[in-house]
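Welcome, and please take a moment to turn the model around before reading on. We will walk through it step by step, from a single residue to the spaces left between the atoms.

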Amino acid sequence: MIKRLLKNKMALICIALILILVFMGIFAPLVAPNNPYENNILNKFAPYSWQYPLGTDHLGRCVLSRMIYGIRPTLFLSLVTMVGTISIGTLMGLLSGYFKGIIDNVIMRIVDMMLSFPSQIMILAVVALLGVDIRNVIIANVFIKWAWYARMIRTNVIKYTDKNFILFSRCIGSGEKFILFRHMLPCIASEMAVLATLDIGWAILNISTLSFLGLGVQAPIPEWGAMLNEAKNVMTTNPIQMIAPGVAVVILVAAFNFLGDCLRDAFDPKEAEI
């Protein structure tokens with residue numbers, strides 16, 4: 001599987017791009033050319049230059065430096081959201097698909113109830129209820145999205161429930177916990193990897209969208225969605241200000257989506273040939 005993934009040029013490009021962004025986010029104080037919080041109103045809307053490679057915004061702050069520092073909330077908070085969503089969804093999906101019966105009915109009815117409401121409206125409602133804070137945004141995303149992943153993972157678990165190696169493990173007296181975490185979990189690992197990769201792109205869009213609406217990361221913390229929110233106020237006087245964060249969000253989400261497709265093809269090459 002790893003060899004097939006490494007032979008895919010698109011996968012290598014996406015992985016390299018993501019690793020570069022992670023490196024820049026971690027070492028932002030060393031990589032950023034200027035202080036992202038330093039205001040200089042006399043230098044607002046400065047053009048591209050060696051000192052300001054992407055110019056300055058309406059407050060005279062370096063756009064490139066704010067883009068680099070914005071990787072942290074945009075990408076890293078999306079990773080936290082993904083981990084929480086996949087963890088809860090995997091646990092609920094495993095329990096529902098493996099034990100079936102009343103456990104399956106209870107979990108699936110909760111999932112049906114969660115999925116009956118539009119996810120974006122529910123996220124806005126949870127944030128409005130808990131208050132405007134990035135932690136509440138993460139809680140809202142995890143609370144709403146886990147149900148979709150629980151249903152997807154449950155479907156994959158059901159495929160392996162009656163496989164010979166699972167039945168043999170039951171016959172020799174292996175405990176349910178051993179079967180779930182030593183047999184079932186590795187079997188659905190490929191599906192989880194693909195779902196996790198796609199979930200990061202979804203989380204990035206949600207965090208950026210809520211920050212754009214003023215419900216996520218708050219000023220003056222640099223975040224790509226919040227930078228777009230600031231840029232819309234000067235769209236007529238300096239439309240270039242919105243190009244950098246807008247393009248960055250599109251490229252990063254596309255990179256994770258393409259990587260998810262490459263992982264799917266690497267795990268299931270027969271499906272890629274169809």
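Let us begin with Asn238, which touches Phe45 and Thr56 when residues up to four places away in sequence are not counted. Keep in mind as you look that this is a predicted model. You will find Asn238 in the loop between H12 and helix H13, the latter covering residues 243-267. Is Asn238 buried or exposed? With a relative accessible area of 14%, Asn238 is buried, because buried means a value under 20%.

From here we can turn to the charged pairs. How many salt bridges does the model hold? The count comes to 6. One of them links Arg66 with Glu230, and the closest N and O atoms of this pair are 3.9 Å apart. Arg66 belongs to helix H4 (residues 63-69) and Glu230 to helix H12 (residues 224-232), so this salt bridge ties together parts that lie 164 residues apart in sequence. Both ends can be checked for burial: Arg66 has a relative accessible area of 1% and is buried, while Glu230, at 15% relative accessibility, also counts as buried, since the cut-off is under 20%.

Another salt bridge joins Arg154 and Asp104, where the closest N and O atoms are 2.8 Å apart. Here, too, helices are brought together: Arg154 sits in helix H8 (residues 134-161) and Asp104 in helix H6 (residues 101-115), so the pair ties together parts 50 residues apart in sequence. Arg154 and Asp104 are both buried. Returning to Arg66 and Glu230, salt bridges with shared partners join these two with Asp57 and Arg61 into one network. Within that network, Asp57 forms a salt bridge with Arg61, with 2.9 Å between the closest N and O atoms. Both Asp57 and Arg61 are buried.

Some of these residues appear again when we look for empty space. Rolling a probe the size of a water molecule over the atoms shows where empty space is left. A search of the whole structure for cavities of 30 Å³ or more finds 1, and the largest cavity has a volume of about 30 Å³. Which residues line the largest cavity? They are Asp57, Arg66, Met227, Glu230 and Gln241. Sorted by class, this lining has 3 charged residues, 1 polar and 1 nonpolar.

The second largest pocket offers about 170 Å³ of space. Its lining includes Leu17, Leu21 and Met24, along with Trp224, Ala248 and Ile251. The elements that give two or more residues to this lining are helix H2 (9-26), H4 and H13. What classes of residue make up the lining of the second largest pocket? There are 12 nonpolar residues, with no polar and no charged ones.

Our last stop is the cysteines. A disulfide is a covalent bond between the sulfur atoms of two cysteines. A search of the whole structure finds 0 disulfides. Why does Cys187 form no such bond? The closest cysteine sulfur to that of Cys187 is in Cys171, 17 Å away, which is too far for a bond, because a disulfide needs the two sulfur atoms within 2.5 Å. Cys62, for its part, is buried, with a relative accessible area of 2%.

Notes:
Residues are numbered from 1 along each chain as its sequence is written. This is a predicted model: local features need pLDDT of at least 70, side-chain atom pairs count only at pLDDT 80 or more; totals for chains, interfaces and linings use all residues. Side-chain values use heavy atoms; hydrogens and water are left out. On a 1 Å grid over the protein atoms alone, a cavity is a set of points where a 1.4 Å probe fits but cannot get out, and a pocket is an open set with protein on both sides within 12 Å along at least five of seven lines; lining residues have an atom within 4 Å of a point. Grid points are joined across faces, edges and corners, and a volume is the space filled by probe spheres set on the points. Ala, Val, Leu, Ile, Met, Phe, Trp, Tyr, Cys and Pro count as nonpolar, Asp, Glu, Lys and Arg as charged, and the others, Gly among them, as polar. A salt bridge is a side-chain nitrogen of Lys or Arg within 4 Å of a carboxyl oxygen of Asp or Glu. Buried means under 20% relative accessible area, exposed over 50%, partly exposed in between (1.4 Å probe, protein chains only). Helices (H or I, at least four residues) and strands (E, at least two) are DSSP runs, numbered from the N terminus. Contact means heavy atoms within 4.5 Å.
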